Each structure stands twice: as C-alpha cells, then as structure tokens.
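Biologist: Please take one part of this model and examine it closely. I would like a connected account that begins with a single residue and then moves to the interior.

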Amino acid sequence: MKNQSQTLFQKDLVNEAIKQSFVKLNPKIMFKNPVMFLVEIGTVVMFIVSLISLTGNTSQGSFAYNFLVFIILLFTVLFANFAEAIAEARGKAQADSLRKTREETPAKLIIQNNPGFQVETILKRSAEMKLGDIFLCEAGDQIPMDGEIIEGLATIDESAITGESAPVIREAGGDKSSVTGGTKVLSDRIKVKVTTKPGESFLDKMIALVEGASRQKTPNEIALTILLAGFTLTFIIVTVTLKPFADYAQTPITIAAFISLFVCLIPTTIGGLLSAIGIAGMDRALRA
C-alpha cells in the first residue's frame, strides 16, 4: 500500500508539475493566494516596463535591468506554482496507489451456512464486497475491507494506516475487534464481517481527501493566510508612501525598484509554499 521507494522528483511527476506551473498562472487560480497574486501582478507590470524600455525610453532604467527583474519575478511565481503542483502530483499518485489497493486486494469470501473455519470460500476482489459479507484472512493476507472480527485472533501489521511499526493483536469480542482495509495479517487467521458500505471505507475516505478538487484548508492554513494578507496590506501602504517622500527629496525611484522592494518586504516565501505545505501534509499523513 505504501510506496516509500518513490523519489521526490520522479520524471513523470516533474513533467506534470512543470506543465501545471504555467496553467496555475491563470489569475482565477492565483487569486486564491493573495501574496503570490500580487507578485504575479508585479511580474506583468515589469514585463510592460521592459517592453517600454525596449523602445528606447530609459526613464525607468535600462531594458536589461527591467527584464532581469521581470525574469526573477516570473521565476518566483513559477517556483511557487511548481512546489504546489509537485505536491498535488504526489498526492494523486498516492491516491492511485490506494485505489489500486482498494480495488485489487483479493478477498476470501465465506459462503454462508457453513459454521467454523472449515468453510468453502470464493475469491473476489475487495471492490466487489458489500456490507454484511464475511471473509477469511490468514497469515500473509491483506485485509480487503474495514470490518469486525467475529471469530478468531490474529497479529496484524497496521503500519500502512497508523505508521506504527509494532504489530497489534486483534480478536473477536471486546474493544479491539475492528480491522482496517489495507492492513496485513501476520499470524493465525480470522473471520471478519464487513461493517462499511462500498465507498465509505477508510481507504475511500483517504482517496477522497487527496483527490478532492475543492480541498478544505486546515484552520492553520486559513489563519496563516489571513495573517499574510494583513502583512501584505501593511507593506503595500509602506511602499506607496515612499513615492511622495521620494518626490519631496527629488530622488526618482523606478517602478522596478518599487516592485522589487515590495516583493522583498511581503512574506513571499511563506505565501508561495503555503499551499504546497498543506497538500504535502496530507501526503505525509497518507504515507505515515
């Protein structure tokens, strides 16, 4: 279930992330991140200033200087988009792995009216199981669905779900009779009754969490976004007020200098990586 061998920068993930870095330049998408949206506006302004400088108008500095600032700002925006896109790509890859586990794990479905362990079983895919089905798991088997042990005792490796390497004991009766799909039976054998409907298992919820197009931000992300927006507004005021002081001192300041100062003042790094950190946090939870 866990694909710990995946490297951070797989070729297919990187290629998709590079593509999405440019797709995410869409203002409708960038607007969700106020800090990077303002950096993108600054990038557009510097592109226009560079074109003006190319015509021979050097009132805002040379073309080389303005174009260099434009390139740096563009790289900053693309890097923030790439970080978010690579996190999303890894999350989707993890979801595909989870889906494959959910759909292809074999289940030894027990035919009813045959008491005890000496029963006839038929092999089915876990995706075909339904609420109330009873299946048999022996040492080495992967548990196909969430359920409750109704007979037997077994040692189970739950590291794929909890991240805890030490195996646990699950047995019929008591408060330790529930098992989770995707975990592995290490010893003995158990008879388990499916307790979740199709599409409502733990794996299904994890997949939905990763794949959700409208991912809900965590409270920490929301609070930090508000804080960053407040800082950004403050530095907008600070940067704008420099203009009248510069005019009074008869010291011209170019647009490139204003934008460069603004981007350096605002929390660009945190704003650029905020979404990626949130998505990567879910990915780590899935791989824990």
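Modeller: T269 is located in helix α9, residues 268–287; helices are DSSP runs of H or I with at least four residues, strands are runs of E with at least two, and both are numbered from the N terminus. The model is predicted, so local features need pLDDT of at least 70 and side-chain atom pairs count only at pLDDT 80 or more, while totals for chains, interfaces and linings use all residues. Residues are numbered from 1 along each chain as its sequence is written, and side-chain values use heavy atoms, with hydrogens and water left out.

T269 is exposed, at 59% relative accessibility (exposed is over 50% relative accessible area, buried under 20%, partly exposed in between, with a 1.4 Å probe and protein chains only). Although 234 residues separate T269 from V35 in sequence, their C-alpha atoms are 9.3 Å apart.

The interior comes next. The largest nonpolar core (buried Ala, Val, Leu, Ile, Met, Phe, Trp, Tyr and Cys residues joined through side-chain atoms within 4.5 Å) has 19 residues, of which M36, V39, M46 and L73 touch the most other members. Helices α3 (34–54), α4 (63–104) and α8 (255–265) each supply at least two residues of this core, and α3 gives the most, with 6 residues. Beyond its neighbours within four places in sequence, M46 is in contact (heavy atoms within 4.5 Å) with N66, V69, F70, L73, I255, A256 and I259. A second, separate core has 15 residues, including A107, C137, M145 and I190.
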